[in-house]
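Here is a note on the model you sent round, set out as numbered points. Please read it with the coordinates open.

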Amino acid sequence: MEKSTISGGLFSTYSIFSNAAGVAGNLCAFVLFVSPIPTFRRIIRSKSTEQFSGLPYIYALLNCLICLWYGTPIISPGIILVFTVNSVGAVFQLAYILIFIVYAERTKKLKMLGLLLGVFAAFAAVISISICLFQPPNRQTFVGYLSVLSLISMFASPLFIINLVIRTRSVEYMPFYLSLATFLMSLSFFAYGMFKQDAFIYVPNGIGGVLGAIQLILYWRYSRPNEEPTRPLLESNA
């Protein structure tokens, strides 16, 4: 009886820390999801997408959809916080894309519509293949590898920004709060993945945490007292 009580207490504490890490990751991710809002306010006011690129939001939508699918109970039971964060992210990215399409010139509009349809087709293919061709646990492995590849491809942007900061010795295009949110989100989901013993979560987020830490170190190294980051580079370049 005593052993059972101790075991139950440890399990309860373990679950609390696991859920706390997942919730923290969701909150930090929300900061990243809302960060493009000033850009889209500008687009709506000017009724033009100007020189902004819609590609980052296409990539982000595909990433959120794949990771959302990985977090569904039918694929990976017990990691619902991966599902929630990517569901919210997918809604934000889709909203940004639709606004971009509304205000883009005809050529960009058609290109973005084509890419959006391509994302939905790719996501439908992933769902169909994972359901029809794989059975648990191979289904989770298949979607897990896709989610890891998708997340790693998203690291291209931080790597590009890190390279730019080193070359220019300026943090103009690397806002501190975005770097901090990226680091904290990756660290939180790394811990969540470790608690859940899920390598498909902790490996890519471990890499993301390292890149986030490098960005913070670079910010400390190259920031100047009178220099304020003007905007995230992601908003105008892709």
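The points below go from the overall fold to two helix pairs, then to two residues and the record.

1. The model is predicted, not determined by experiment. It holds nine helices and zero strands. Read from the N terminus, the order of elements is α-α-α-α-α-α-α-α-α.

2. Of the 238 residues in the protein, 42% are buried. Taking contacts between residues at least 6 apart in sequence, 79% of them join residues at least 24 apart.

3. The first pair to look at is helix 3 (residues 55-71) with helix 4 (residues 80-103), whose axes come within 8 Å and cross at roughly 155°. Because of that angle, helix 3 counts as roughly antiparallel to helix 4, the cut-off being over 145 degrees. The crossing of helix 3 past helix 4 is left-handed.

4. On the helix 3 side, the residues that meet helix 4 are Tyr-57, Ile-58, Ala-60, Leu-61, Asn-63, Cys-64, Leu-65, Cys-67, Leu-68 and Gly-71. Their partners in helix 4 include Ile-80, Phe-83, Asn-86, Gly-89, Gln-93 and Ile-97. By class, the contact of helix 3 with helix 4 has 15 nonpolar, six polar and no charged residues.

5. The second pair is helix 8 (residues 176-196) with helix 9, where the axes come within 7 Å and cross at roughly 150°. Helix 8 and helix 9 are therefore roughly antiparallel to each other. Helix 8 also passes helix 9 in a left-handed crossing.

6. Helix 8 meets helix 9 through residues including Phe-176, Leu-180, Phe-183, Phe-189, Phe-190 and Tyr-192. On the helix 9 side, Gly-206, Gly-208, Gly-209 and Gly-212 are among the residues in the contact, along with Asn-205, Gln-215 and Tyr-219. The residues of this contact divide into twelve nonpolar, nine polar and no charged.

7. Is Ser-147 buried or exposed? Ser-147, which sits in helix 6 (residues 138-154), has a relative accessible area of 2%, so it counts as buried. Apart from neighbours within four places in sequence, Ser-147 is in contact with Ile-66, Cys-67, Tyr-70 and Phe-200. Cys-67 is also one of the helix 3 residues that meet helix 4.

8. Phe-200 belongs to helix 9 (residues 199-222). Its relative accessible area is 18%, and Phe-200 is classed as buried because the cut-off is under 20%. Which residues does Phe-200 touch, not counting those up to four places away in sequence? They are Tyr-70, Gln-140, Thr-141, Gly-144, Tyr-145, Ser-147 and Val-148. Tyr-70 is in contact with Ser-147 as well. As a further distance to check, the C-alpha atoms of Phe-200 and Val-143 are 9.3 Å apart in space, with the two positions 57 residues apart in sequence numbering.

9. An unreviewed UniProt entry lists "transmembrane region" for residues 20-40, 52-72, 78-103, 115-136, 142-164, 176-195 and 201-222. In the model, the chain over residues 78-103 is 92% helix and 0% strand, and its end C-alpha atoms are 41 Å apart. Over residues 115-136 the values are 82% helix and 0% strand, with the end C-alpha atoms 31 Å apart.

Methods
Residues numbered from 1 in each chain as written. Predicted model: local features only at pLDDT ≥ 70, side-chain atom pairs only at ≥ 80, totals over all residues. Heavy atoms only, no water. Axes fitted to C-alpha atoms, helices over the stretch in contact; angles between N-to-C directions. Helix = DSSP H or I, 4+ residues; strand = E, 2+ residues; numbered from the N terminus. Parallel < 35°, antiparallel > 145°, perpendicular 65-115°, else oblique. Left-handed = near helix turned anticlockwise from the far one by under 90°. Contact = heavy atoms within 4.5 Å. Nonpolar A, V, L, I, M, F, W, Y, C, P; charged D, E, K, R; others polar. Buried < 20%, exposed > 50% of the residue type's maximum accessible area, 1.4 Å probe, protein only. UniProt positions renumbered as here; feature names shortened; annotations may be inferred.
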